[in-house]
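Hello,

Here is the structure I promised to pass on to you. Please have it open while you read, as my notes follow below.

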Amino acid sequence: MQQDSRLYILVARKLAGEATEGELRELKELLGEHFDYEYIYEMLSAYWKQEPDALSLDDDNSQEVFDRIISCAVHVPAHFPEPEIQHEYAYDNLFIPLRRKPWKKWIYAAATIAAGGALWIYTFTVKPVSNSHSPRKQVNEIIAEKGSRSTKVILPDGSKVWLNADSRLTYHDGFNNRIREVQLEGEAFFDVVKDSVRPFTVHTSAIDVKVLGTSFNVKSYPGDATIEATLVRGMIEVIQKNDPSAPKFVLHPHEKLVFNKESNSHVQPAVAGAPYKKKTYATGQNIAIAALPGNKADSLMSETSWRYNKLIFDGDSFRQLADKMERWYDVKINILDEKLLHYRFKGIFENETIQQALLALQLTNNFQYKINENEIEIFEK
């Protein structure tokens with residue numbers, strides 16, 4: 001606890017531009033020794049940037065400011081904004097001076113903010129099923145609620161994970177020992193620390209993705225008909241759970257695998273690779289692999305754009321887009337006319353409200369909508 005307090009003080013002085021060269025070195029050493037401190041540093045930096053006015057009031061209003069900050073911190077959302085980082089680690093730019101603020105006031109709220117930011121990380125115990133004498137396993141669960149944007153967490157081994165809205169990631173307390181395994185429900189982007197001795201495995205409902213060290217995206221929402229794995233850098237291996245003896249699929253950079261959860265259904269190449277169907281090939285009855293443009297930035301690819309708080313849709317049907325918007329805006333969208341399900345959309349949303357997004361969609365397709373709190377009805381004109 002004493003070490004944590006020292007961290008808050010050093011971060012506050014650094015953000016205020018008042019840290020000495022020795023303090024900056026001390027902070028860099030702390031961040032290098034403790035992976036979880038990097039997360040705290042990034043979160044506090046983001047809050048510092050998010051609340052510029054509240055922290056610059058005079059002494060007469062300071063108590064009111066602190067009370068408001070602490071109140072907000074207790075309810076800090078899971079989608080706490082991530083600061084813009086130019087390097088692999090946030091503390092690579094420690095010696096860049098930032099704008100000055102009254103850090104002595106701000107530091108009183110720092111510990112509460114850090115604690116509040118971790119409220120969405122849960123720990124619970126799983127009872128053994130078959131052997132009552134076997135030790136209980138402690139499970140860590142990270143949840144990104146609907147309406148959240150690119151929730152980031154750093155795993156015990158230093159690997160970084162960004163969770164999309166309406167997603168859940170769990171791992172056991174022995175994660176950082178002999179093997180590294182996580183269970184995913186929803187969508188996540190992984191930046192895995194390389195370790196040839198301890199492979200990293202992402203378990204979904206139907207496929208497992210194994211890596212040594214790489215960056216990739218996995219999309220596995222329970223309500224979706226397919227599971228997708230998109231490789232950005234490195235190499236990954238995909239294994240089918242329902243048929244362990246089946247051939248394993250190895251993906252190379254800028255390739256995307258689509259697995260159809262319906263065992264009797266074929267994956268059409270055009271579905272897996274749209275709009276790059278010329279570069280798509282089927283590998284089996286319910287699996288297809290698509291080659292994605294190698295010269296396209298991650299932030300401009302529909303498969304990974306959410307990681308940069310962008311919702312890109314490229315030829316999505318109205319139902320597919322509605323599913324994404326439901327998670328993006330935390331709403332329920334009911335499409336009342338079947339004809340509308342055949343509409344296709346192409347575009348990008350970033351900071352638009354749900355109403356602005358619907359108005360933009362209306363410019364290209366003929367439909368009407370009605371908003372009742374968080375429920376939306378879509379129907380023909």
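**Helix α7 and its surroundings**

The buried residues of α7 are F318, L321, A322, K324, M325, E326, R327, W328 and Y329. Please keep in mind that this is a predicted model. With 9 of its 12 residues buried, α7 is largely enclosed by the rest of the structure. What do these buried residues pack against? Their partners are the strands β9 (215-220), β16 (311-317), β17, β18 (344-349) and β20, together with helix α8.

The length of α7 is also as it should be: at 1.5 Å a residue, its 12 residues should span 16 Å, and this agrees with the 16 Å between its end C-alpha atoms. Just after the helix comes D330, with a positive phi near 60 degrees.

**The sheet beside it**

Two of the strands just named, β17 and β20, belong to an open sheet of 3 strands with mixed pairing, in the order β17-β20-β19. The edges are formed by β17 (332-335) and β19 (368-372), each of which pairs on one side only. From one strand to the next, the twist averages 20 degrees.

Helix α7 (residues 318-329) packs on this sheet and touches β17 and β20, its direction making about 165 degrees with that of β17. A second helix, α8 (residues 354-362), lies across β19 and β20 and runs at about 170 degrees to β19.

Now for the pairings themselves. Strands of a sheet pair through backbone hydrogen bonds, in either a parallel or an antiparallel sense. Here you can see both:

- β17 and β20 (residues 375-379) are parallel, with 4 bridges; I333 stands opposite I376 in β20.
- β19 and β20 are antiparallel, with 5 bridges; K370 stands opposite E377 in β20.

The antiparallel pair, β19 and β20, forms a hairpin with 2 residues between the strands. In that turn, E373 has a positive phi of about 60 degrees.

Which residues of β20 are on its covered face, and which on its uncovered one? I376 and I378 are on the covered face, while E375, E377 and F379 are on the uncovered face. In a regular strand the side chains alternate between the two faces of the sheet. The residues paired across the strands fit into this picture too: I376, the partner of I333, is on the covered face of β20, whereas E377, the partner of K370, is on the uncovered face.

**Another helix: α2**

Helix α2 (residues 21-33) has 13 residues, and the distance from its first C-alpha to its last is 19 Å, close to the 18 Å expected at 1.5 Å a residue. Its buried residues are E23, L24, L27, L30 and L31. Seen down the helix axis, the buried residues of α2 fall within an arc of 125 degrees, so they line one face of the helix. The face turned away from that buried side carries E29 and E33, which are exposed.

**The chain as a whole**

The chain contains 8 helices and 20 strands. Of its 381 residues, 48% count as buried. The chain exposes about 19,400 Å², with carbon and sulfur atoms supplying 49% of that area. Among the contacts with a separation of 6 or more, 55% come from residues 24 or more positions apart.

I hope you enjoy looking through it.

Best wishes

How values were computed: Residues are numbered from 1 along each chain as its sequence is written. This is a predicted model: local features need pLDDT of at least 70, side-chain atom pairs count only at pLDDT 80 or more; totals for chains, interfaces and linings use all residues. Side-chain values use heavy atoms; hydrogens and water are left out. Two strands pair if DSSP finds at least two bridges between them. Axes are lines fitted to C-alpha atoms, for helices over the stretch in contact, and angles run from 0 to 180 degrees between N-to-C directions. Contact means heavy atoms within 4.5 Å. Buried means under 20% relative accessible area, exposed over 50%, partly exposed in between (1.4 Å probe, protein chains only). Accessible areas come from the Shrake-Rupley method with a 1.4 Å probe; for residues, only the protein chains shown count as cover. The expected span of a helix is 1.5 Å times one less than its number of residues. The arc is that of the directions from the helix axis to the C-beta atoms.
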